[in-house]
Amino acid sequence: TLSLKTPVSGAWHNGGAPVVGTDGLMEVGRYIDFHTSNTGTSDYDVRLDANGSELNVSTNIRSQGNLEAVGNIVAGRGRYTDGNAYQPSISFTSDTNTGMFRSASDTIQFATGGAYRISVNNFATVINQDCGIGVTPLAKFHVNGTSLVRTTTGVGDFYLGNVATANHFRFHTNNSNTYFDMNCGNVYWRDGGSTRYTFFPSTANMTVNGTI
């Protein structure tokens, strides 16, 4: 016997074949079980469980399209396709070209406005725009406050120019002495466009355009 029952709002549909009422409503019980074969129904392969305010799925969820949520999604982990700067894998309904995506192996990038801004991999973190700490930047690197450059033992190194190669100026302190290392040709101290002092590192000579 096949029983077709009219669904009643708030009541579980127990027995018979679920049908859609004239009001567009179809009521089912708490569980919906799915099976990958028809050889037996003693157990399920995937179960939907209406548990309180959540719809629980017993296994993974795979979506061929986008998965959008207005409320929360509670999961052990989420896996996504790679995406790109224009369509990040993790983005926002109202701002679909802003979010996070995988650009290459072991590389995560963050995008805003369809362009990548920060890239993180096993070797480096690259900021692809001006960077400000405590301030909206006016240069590639802008700090509002005190800066500290040091190792855990207090040794500090600050380079201008090419690190550890020709054409650099190095400021170094080692908890004992302080050094200015120059491998950068001549040093000119200027006031605007006028040179006031010229220092020649190779000879230690110095020219002063003024009175001593």
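Trainee: What volume does the largest pocket have?

Mentor: In this predicted model, the largest pocket has a volume of about 1,900 Å³.

Trainee: Which residues lie nearest the centre of the largest pocket?

Mentor: The lining comprises 36 residues, and those nearest the centre are Ile61, Leu67, Ile73, Arg79 and Tyr80. Strand E3 (54-57) and strand E4 (90-92) are the elements that contribute two or more residues to this lining. The largest share, four residues, belongs to E3.

Trainee: How do the lining residues of the largest pocket divide into nonpolar, polar and charged?

Mentor: The lining of the largest pocket holds 12 nonpolar, 19 polar and five charged residues.

Trainee: Let us turn to the loop that follows E3. Where is serine 58 found?

Mentor: Serine 58 is in the loop between E3 and E4. Its relative accessibility is 39%, so serine 58 counts as partly exposed, a class that runs between the cut-offs of 20% and 50%.

Trainee: Which residues does serine 58 touch, leaving aside those up to four places away in sequence?

Mentor: With those set aside, serine 58 touches Tyr44, Asp45, Val46 and Arg47. Towards arginine 47 there is also a polar contact: the side chain of serine 58 reaches the backbone nitrogen of that residue at 2.8 Å.

Trainee: How far apart in space are serine 58 and proline 201?

Mentor: From C-alpha to C-alpha, serine 58 and proline 201 are 73 Å apart, with a sequence separation of 143 residues.

Trainee: I should also like to read the backbone angles. What is the phi of asparagine 175?

Mentor: As a general idea, most residues other than glycine have a negative phi. Asparagine 175, although not a glycine, has a positive phi of about 70°. Asparagine 175 is placed in the loop between strand E12 (168-173) and strand E13 (178-183). Because its relative accessibility is 58%, asparagine 175 counts as exposed.

Trainee: Where does alanine 204 lie?

Mentor: Alanine 204 lies in the loop between strand E15 (194-200) and strand E16 (205-208). Alanine 204 is likewise a residue other than glycine with a positive phi, near 70°. At 53% relative accessibility, alanine 204 counts as exposed.

Trainee: How many disulfides does the structure hold?

Mentor: A disulfide is a covalent bond joining the sulfur atoms of two cysteines. The structure holds zero disulfides.

Trainee: Does cysteine 131 count as buried or exposed?

Mentor: Cysteine 131 has 18% relative accessibility and therefore counts as buried, the cut-off being under 20%. Cysteine 184, at 28% relative accessibility, counts as partly exposed.

Key
Residues numbered from 1 in each chain as written. Predicted model: local features only at pLDDT ≥ 70, side-chain atom pairs only at ≥ 80, totals over all residues. Heavy atoms only, no water. Buried < 20%, exposed > 50% of the residue type's maximum accessible area, 1.4 Å probe, protein only. 1 Å grid on protein atoms, 1.4 Å probe; cavity = no way out; pocket = protein on both sides within 12 Å on 5 of 7 lines; lining within 4 Å. Points joined across faces, edges and corners; volume = space filled by probe spheres on them. Nonpolar A, V, L, I, M, F, W, Y, C, P; charged D, E, K, R; others polar. Disulfide = S-S within 2.5 Å. Contact = heavy atoms within 4.5 Å. Polar contact = N/O pair within 3.5 Å; in protein donor to acceptor, adjacent residues only side chain to side chain.
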